[in-house]
Amino acid sequence: PKPFETTPAVKMKSYACQRRTPLKHHNSFLTDALEILAQNAEFSENEGRSVAFRRSASVLKALPHVVRSMGDLKDLPCLGEHSLRVIKEILEDGTSSEVESTRQSEQFQAMKALTDVFGVGVRTADRWFREGLRSPLDLIPTGQKLNHAQQAGVKYYNDLNTPVTKKEAMVISDIVEKAVKAVLPGAIITLTGGFRRGKELGHDVDFLITHPEEGAEERLMPKIVNWLDNQGLLLYQKTTRNSYLESKDGPARPASNMDRFERCFSIFKLEQLESDTHTETSSYNSGRAAGTEERHAGSTWRAVRVDLVVSPYSQFAFATLGWTGSKLFERELRRWAGQEKGMSLSSHALYDSKQQRYLRANSEEEIFAHLGLEYIPPSERNA
Ligand code: CTP
Ligand code: MN
Ligand code: MN
Ligand code: MN
């Protein structure tokens with residue numbers, strides 16, 4: 001074999017929802033770098049630039065081989081001039097100066113530390129940065145006004161920035177299952193988000209809840225929350241009512257990408273798993289600079305972010321697709337629907353503008369079929 005031969009070109013479709021993107025891929029050394037630049041663009045609220053870097057990274061995640069030379073990138077879609085420059089630098093020098101200086105910049109590090117607080121978005125973090133704050137620890141002496149979410153975010157900063165394991169996700173699944181079944185027998189609970197895509201670790205655990213009898217799910221969340229709270233399982237929760245029916249802007253075209261389901265953003269108080277209490281408990285609190293509430297080393301619980309969403313049965317397939325992610329995969333599905341099919345996709349429905357009607361679906365497979373896409377299973381939606 002010729003040693004410098006480039007890998008044969010791979011036919012790569014240009015929308016991420018047309019491709020299979022496994023969780024484990026061959027080019028993290030490049031995608032991590034591009035995603036730093038994407039995140040930095042988000043910090044400066046430059047969405048277009050951020051999406052461009054994320055799309056580039058996503059193409060590399062779908063490649064079945066390691067990129068060794070620029071020739072390997074021939075004919076690949078979505079790779080812009082800037083991304084190519086960064087990739088070239090990394091292939092030649094091992095690192096990109098732009099990525100490294102971004103990573104080390106005071107602004108990037110501060111924005112990262114501040115947005116890592118639950119309840120803190122880019123706008124707030126940026127304001128705090130301009131006021132001189134650099135880490136969550138700075139929030140306390142300055143007496144910043146914090147809302148309830150942010151107060152919880154600061155209080156449980158260490159725990160919430162300790163990845164949730166699959167094992168912990170399974171324990172939480174059992175708890176949620178028990179809570180939901182207690183208040184609405186016959187309800188169906190689906191694990192969504194990253195864990196449904198096969199991730200080993202997550203920043204939270206996401207669930208979608210429905211009931212085969214349409215309407216039985218109405219106003220379900222307060223009952224679930226009550227049950228959990230009575231068991232002492234909640235450290236924080238914010239429930240938002242379903243606003244889909246009241247919306248005036250049409251079901252498939254919500255004002256933002258945010259859906260209108262009844263939802264609860266919560267923080268669970270999770271008893272430590274037996275196997276973790278001895279070996280790992282101390283690592284949750286030690287050696288981390290930003291913790292604001294010290295827990296005793298022998299603490300038997302930890303805080304975990306949990307998202308609960310309730311969907312009517314008729315929208316369940318759309319909700320499942322919408323809440324499984326990845327975020328880029330979702331964005332690409334909506335872009336495909338709009339630009340290529342003249343359709344409008346949300347987590348509630350799919351509207352066909354040409355036929356001027358909603359297309360029904362009882363499964364994710366049917367939605368892909370409506371969209372003229374090959375079905376991609378959750379484990380290959382890691383775009
Ligand atoms: N999502 C959404 N509306 C929100 C928040 C999230 O529709 N307000 C969707 C996202 O589009 C994504 C899914 O919910 O498809 C899960 O989001 P998230 O939990 O943020 O990310 P994960 O992919 O689960 O990854 P992580 O491990 O970081 O939680
Ligand atoms: Mn945040
Ligand atoms: Mn998640
Ligand atoms: Mn989530």
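**Manganese site and ligand 1 shell**

Along the chain, the donors of the manganese ion (ligand 4) follow the spacing D-x1-D-x100-D. Donors here are N, O and S atoms within 2.8 Å of the metal (3.2 Å for Na, K and Ca); water is not among the atoms, so sites may look incomplete. This is a predicted model, in which local features need pLDDT of at least 70 and side-chain atom pairs count only at pLDDT 80 or more, while totals for chains, interfaces and linings use all residues. Residues are numbered from 1 along each chain as its sequence is written, ligands are numbered from 1 in the order in which they are written, and side-chain values use heavy atoms, with hydrogens and water left out.

**Manganese**
- Asp204 (OD), Asp206 (OD) and Asp307 (OD) are the protein donors of ligand 4, at 2.1 to 2.2 Å.
- Asp204 coordinates both this ion and the manganese ion (ligand 3), and the two ions are 3.6 Å apart.
- Asp204 is buried (under 20% relative accessible area, 1.4 Å probe, protein chains only), with a value of 6%.
- Asp206 is also buried, at 8%.

**Ligand 1**
- Gly194, Lys199, His203, Asp204 and Lys327 come nearest among the 17 residues around ligand 1, where a residue counts as near if one of its heavy atoms lies within 4 Å.
- A polar side-chain atom of His203 lies 2.6 Å from an oxygen atom of ligand 1.
- For a polar backbone atom of Gly194, the distance to an oxygen atom of ligand 1 is 2.7 Å.
- Domain 3 (164-316) and domain 4 (318-380) both give residues to the shell, so ligand 1 lies between them; the domain bounds come from an automatic or database domain assignment.

How values were computed
Buried < 20%, exposed > 50% of the residue type's maximum accessible area, 1.4 Å probe, protein only. Polar contact = N/O pair within 3.5 Å; in protein donor to acceptor, adjacent residues only side chain to side chain.
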